[in-house]
Amino acid sequence: MTTKNLFDLTGRTALITGSTRGLGRAIALGLGAAGAALVINGRDPEKTRAAAQDMRDAGLTVRAAAFDVTDEAAVEALFRDLDAEGIEIDILVNNAGIQHRQPMVELSLADWQRVIDTNLTSAFLMGREAARRMIPRGHGKVINIGSLTSELARATVIPYTVAKGGIRLLTKGMAAEWTPHGIQANAIGPGYMLTEMNAALTSDPQFDAWVKGRTPAGRWGRPDELVGTAVYLASDASSYVSGQLIFVDGGMISVL
Ligand code: NDP
């Protein structure tokens, strides 16, 4: 195998949750460009259909799957449908996530649970169904999307911090149970990236200046800057890497 082939995803199928926009869409396009067929997801059926069509127009093989990743029955139904269609998921990217900014003393239980369910429990539900099929096949890749808050807390985003901290240890747990079966489970921790989720932050001059000053790279990250790490973790190039969280953050987490 040549070094270039190490990163080739031809013949593999990748399911990326929350891939109608933002980081998930960029990761999907990157995995597709490396040769993978794609299953893309969002809650909104029309947006999911349109995003899938855009990717097909770009020459990729794409199946749209609109469902809510927090809904256990919907997750199970999706995998049953894929089984019936003969689609085997080789690569699962647990990317869907939401943010909710509010001081903890004002936070409702419903908002706490919504953030934990979307950012953490979803990775359990999706990972469980994917691994039930990957284990008998003896191979597979799981990539969970963490955050700088997988390591560090930040005021007003406590449930998000707890969920992303949980992603870090869920990844290690998946690695503990599934690596013996030929499955590598790893995580990516993006820094501050230019997506819709951060619209309120990028448009705030003070926050924008803080990110640029606090990040050694001196700027926000672009979604496509996650592609290299995603392809690495999805491919044979990472065949002996499991349980890791790789930060793609312009150096932010490494400095004071
Ligand atoms: P966006 O808000 O831009 O996109 C989120 C995507 O997830 C959309 O496709 C959305 O579609 C989908 N989604 C949200 N909730 C659900 C759900 N319950 N079921 C299915 N799909 C859902 O977010 P980003 O691209 O910025 O973030 C992607 C991931 O990266 C998240 O996990 C986030 O926490 C993480 N991250 C982001 C960073 C950043 O700076 N942007 C930094 C670190 C981590 P729809 O709303 O139609 O369902």
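For the class counts in this talk, Ala, Val, Leu, Ile, Met, Phe, Trp, Tyr, Cys and Pro are nonpolar, Asp, Glu, Lys and Arg are charged, and the others, Gly among them, are polar. With that in hand, on to the structure. One caution: this is a predicted model.

Let's start with the sheet. It has seven strands and it is open. The order reads β3-β2-β1-β4-β5-β6-β7, and the pairing is parallel. Which strands sit at the edges? They are β3, residues 62–66, and β7, residues 245–248. Each of those two pairs on one side only. From one strand to the next, the twist averages 20 degrees.

Now one pair inside that order. Strand β5 covers residues 140–145, and strand β6 covers residues 183–190. They run parallel, joined by six bridges. Take Val-142 as an example: its bridge partner in β6 is Ala-185.

Next, two helices on the sheet. Helix α2, residues 45–57, lies across β2 and β3. Its angle to β3 is about 170 degrees. Helix α3, residues 72–85, lies across β1, β2 and β3. For α3, the angle to β3 is about 150 degrees. For reference, β1 is 13–16 and β2 is 37–42.

On to the ligand. How many residues surround it, and which come nearest? There are 32 around the ligand, and the nearest are Thr-20, Asn-95, Tyr-160, Thr-195 and Asn-198. By class, that shell holds 11 nonpolar, 15 polar and six charged residues.

Here are three contacts to look at on screen. At Asp-68, an N or O atom of the side chain is 2.9 Å from a ligand nitrogen. At Tyr-160, a polar side-chain atom lies 2.6 Å from a ligand oxygen. Tyr-160 is also on the list of nearest residues. At Gly-191, the backbone takes part: one of its polar atoms is 3.4 Å from an oxygen atom of the ligand.

How much of the ligand does the protein bury? Alone, the ligand exposes 890 Å², and the protein buries 95% of that. Which elements give two or more residues to the shell? They are α1 (22–33), β2, α4 (109–137) and α5 (158–178). So much for the ligand; β2 is worth a second look, as a strand of the sheet and a contributor to the shell.

How values were computed
Residues are numbered from 1 along each chain as its sequence is written. This is a predicted model: local features need pLDDT of at least 70, side-chain atom pairs count only at pLDDT 80 or more; totals for chains, interfaces and linings use all residues. Side-chain values use heavy atoms; hydrogens and water are left out. Two strands pair if DSSP finds at least two bridges between them. Helices (H or I, at least four residues) and strands (E, at least two) are DSSP runs, numbered from the N terminus. Axes are lines fitted to C-alpha atoms, for helices over the stretch in contact, and angles run from 0 to 180 degrees between N-to-C directions. Contact means heavy atoms within 4.5 Å. A residue is near a molecule or strand if one of its heavy atoms lies within 4 Å of it. A polar contact is a pair of N or O atoms within 3.5 Å; within protein, one must be able to donate a hydrogen and the other to accept it, and residues adjacent in sequence count only if both atoms are side-chain atoms. Accessible areas come from the Shrake-Rupley method with a 1.4 Å probe; for residues, only the protein chains shown count as cover.
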